[in-house]
Amino acid sequence: MEKHVVVIYPHPDDESFGAAGTIIQYRKQGVPVTYLCGTLGEMGRNMGNPPIANRESLSEIRKEELLEAARVLDMEVEMLGFRDKTLEFEDRTKVATNLKEYLDRIKPSLVITHYPDHAVHPDHHALGAAAIEAVRMMDKSERPVVWAQAISRNYTEVLGKPDVINDVRAEIDTKLDAIYAHKTQAAGVLSQFMQPGFSQEEFKKKVANNFSTEQFYIWKYND
Amino acid sequence: MEPINVSKIQAYLDDRINKSVYIHLETTNGAYASHINEKAYTVGAFIRNAEVKFTNAKIIENNHVYRVGLKLEIGWIYAEGLTDWTVTEENQLLLAGHDREGRLMVALQISEQPFSN
Ligand SMILES: [Zn+2]
């Protein structure tokens, strides 16, 4: 059994879309989960439909949404305070050192993050790389296992079959609650699954299907 | 935010001619543009807290979509595709262009104090 799981992603909602089912499963086993959230998604395009946020109010609203999702998922959350869409321009070692301070304190047995260069958004690549670097900086005997999540269109062609294929169908209702806690984001992101002529039921089924598996690669350190 | 009101925005701009102000300017089609549609390009530009003085400022309407141009002593700033506006409690002017789904495509913002990080 895991001792403590730390999830490291850059945006409020990455945890709900990407790993909510896995988080719920660990919480059901009584394993503590802490989400280190890199930014407040203050550069997001989705403002709600109709818009309920503007560029200046978005960070405060997304912070509230994140806390609500954390409540739904029954996990702790720490906000790292970087600015959305700028993480790749920060000093990599500085970000990694910052993450390592959290890891040294929390001492997780498992870290979940994005797979650098296969995670579409530049913040995903950058924070994933920094998280992997943070674990590398730890004493070999103290390193947690790292699960890296790829989301690019063709990642299985490039990286092969994921090492961890987590069926989260049993957790899908709570996962969708967590996704919808991100009010300004959910509708905009999910609209890509709407097809002409779809009923509300068909739409829900398509969304549930799409989010019913969570896949990860176990990061291999060469030293 | 509310649909753009030309006269109020023009008055706000006129009040700040030849004063030092901070600009936020961005345009984006989203970091996921070419992920969701393989044929799309992901593009964007972003400036936050450029300190400038403008000597002229004008808002222009075209079919309920607006452009705002600021003439600087040694250059220009403009934004196109603006649809909505608000003034914050800190008296910052926020102008934004949203698409049909309410997503932000372009923003031009003016403040007498630096915008928060
Ligand atoms: Zn993200």
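In the predicted model, A:D74 counts as partly exposed, its relative accessibility being 45%. The residue is placed in the loop between α2 and β3 (76-82) of chain A, and A:D74 has a positive phi of about 55° although it is not a glycine. A second non-glycine residue with a positive value is B:H64, whose phi is near 65°. B:H64 is located in the loop between β3 and β4 (65-72) of chain B, where it is exposed, with a relative accessible area of 61%.

A further backbone feature concerns the loop between β2 and α2 of chain A, in which A:P50 is found: the peptide bond leading from A:N49 to A:P50 is cis, with omega near 0°. The loop between β2 (33-39) and α2 of chain A also holds A:N46, which is buried at a relative accessible area of 13%. When neighbours within four places in sequence are left aside, the contacts of A:N46 are with A:L58, A:T184, A:Q185, A:G188 and A:V189, together with B:R103 from chain B. B:R103 is itself part of a network of salt bridges in which it is linked with B:D99 and B:E101.

The zinc ion is coordinated by A:H11 through ND1, by A:D14 through two OD atoms and by A:H124 through NE2, at distances of 2.0 to 2.6 Å. The four donor atoms subtend angles of 55 to 128° around the zinc ion, and the arrangement is therefore irregular; a tetrahedral assignment would require all angles to lie between 85 and 135 degrees. Along the sequence, the donor residues follow the spacing H-x2-D-x109-H. The two histidines thus link distant parts of the chain, since A:H11 lies in the loop between β1 and α1 of chain A and A:H124 in helix α4 (residues 122-136) of chain A, 113 residues apart. Both ends of this link are withdrawn from the surface by the accessibility criterion: A:H11 is buried, with a relative accessible area of 5%, and A:H124 counts as buried at 1% relative accessibility.

Over all chains, the count of salt bridges comes to 19. Among them is the pair formed by A:R62 and A:D13, whose closest N and O atoms are 3.5 Å apart. Because A:R62 lies in helix α2 (residues 58-73) of chain A and A:D13 in the loop between β1 (5-9) and α1 (14-28) of chain A, the pair ties together parts that are 49 residues apart in sequence. Both A:R62 and A:D13 are buried.

Another salt bridge joins the side chains of A:E214 and A:K175, with an N to O distance of 2.7 Å. This pair likewise links distant parts of the chain, A:E214 being in strand β7 (residues 213-218) of chain A and A:K175 in helix α6 (residues 172-181) of chain A, 39 residues apart. A:E214 and A:K175 are both buried.

A salt bridge is also found between B:E38 and A:R153, with the closest N and O atoms 3.7 Å apart. The pair crosses between chains, running from B:E38 in the loop between α2 (33-36) and β3 (44-62) of chain B to A:R153 in the loop between β5 (145-149) and α5 (155-159) of chain A. B:E38 is exposed, with a relative accessible area of 61%, whereas A:R153 counts as partly exposed at 47% relative accessibility.

Two helix pairs of chain A were examined for their packing. The axes of α1(A) and α2(A) come within 10 Å and cross at roughly 30°, so that these two helices are roughly parallel to each other. On the side of α1(A), the contact is made by A:E15, A:S16, A:A20, A:I23, A:I24 and A:R27, and on the side of α2(A) by A:L66, A:A69 and A:L73. In the second pair, α6(A) and helix α7 (residues 183-190) of chain A pack at an angle of about 110°, with their axes 6 Å apart; α6(A) and α7(A) are therefore roughly perpendicular to each other. Here A:I179, A:Y180 and A:A181 in α6(A) meet A:K183, A:A186 and A:L190 in α7(A).

Notes
Residues are numbered from 1 along each chain as its sequence is written. Chains are lettered from A and ligands numbered from 1 in the order in which they are written. This is a predicted model: local features need pLDDT of at least 70, side-chain atom pairs count only at pLDDT 80 or more; totals for chains, interfaces and linings use all residues. Side-chain values use heavy atoms; hydrogens and water are left out. A salt bridge is a side-chain nitrogen of Lys or Arg within 4 Å of a carboxyl oxygen of Asp or Glu. Helices (H or I, at least four residues) and strands (E, at least two) are DSSP runs, numbered from the N terminus. Buried means under 20% relative accessible area, exposed over 50%, partly exposed in between (1.4 Å probe, protein chains only). Donors are N, O and S atoms within 2.8 Å of the metal (3.2 Å for Na, K and Ca); water is not among the atoms, so sites may look incomplete. Four donors count as tetrahedral if all angles lie between 85 and 135 degrees; four count as square planar and six as octahedral if opposite donors are over 155 degrees apart and all others between 65 and 115; anything else is irregular. Axes are lines fitted to C-alpha atoms, for helices over the stretch in contact, and angles run from 0 to 180 degrees between N-to-C directions. Angles under 35 degrees count as roughly parallel, over 145 as roughly antiparallel, 65 to 115 as roughly perpendicular and the rest as oblique. Contact means heavy atoms within 4.5 Å.
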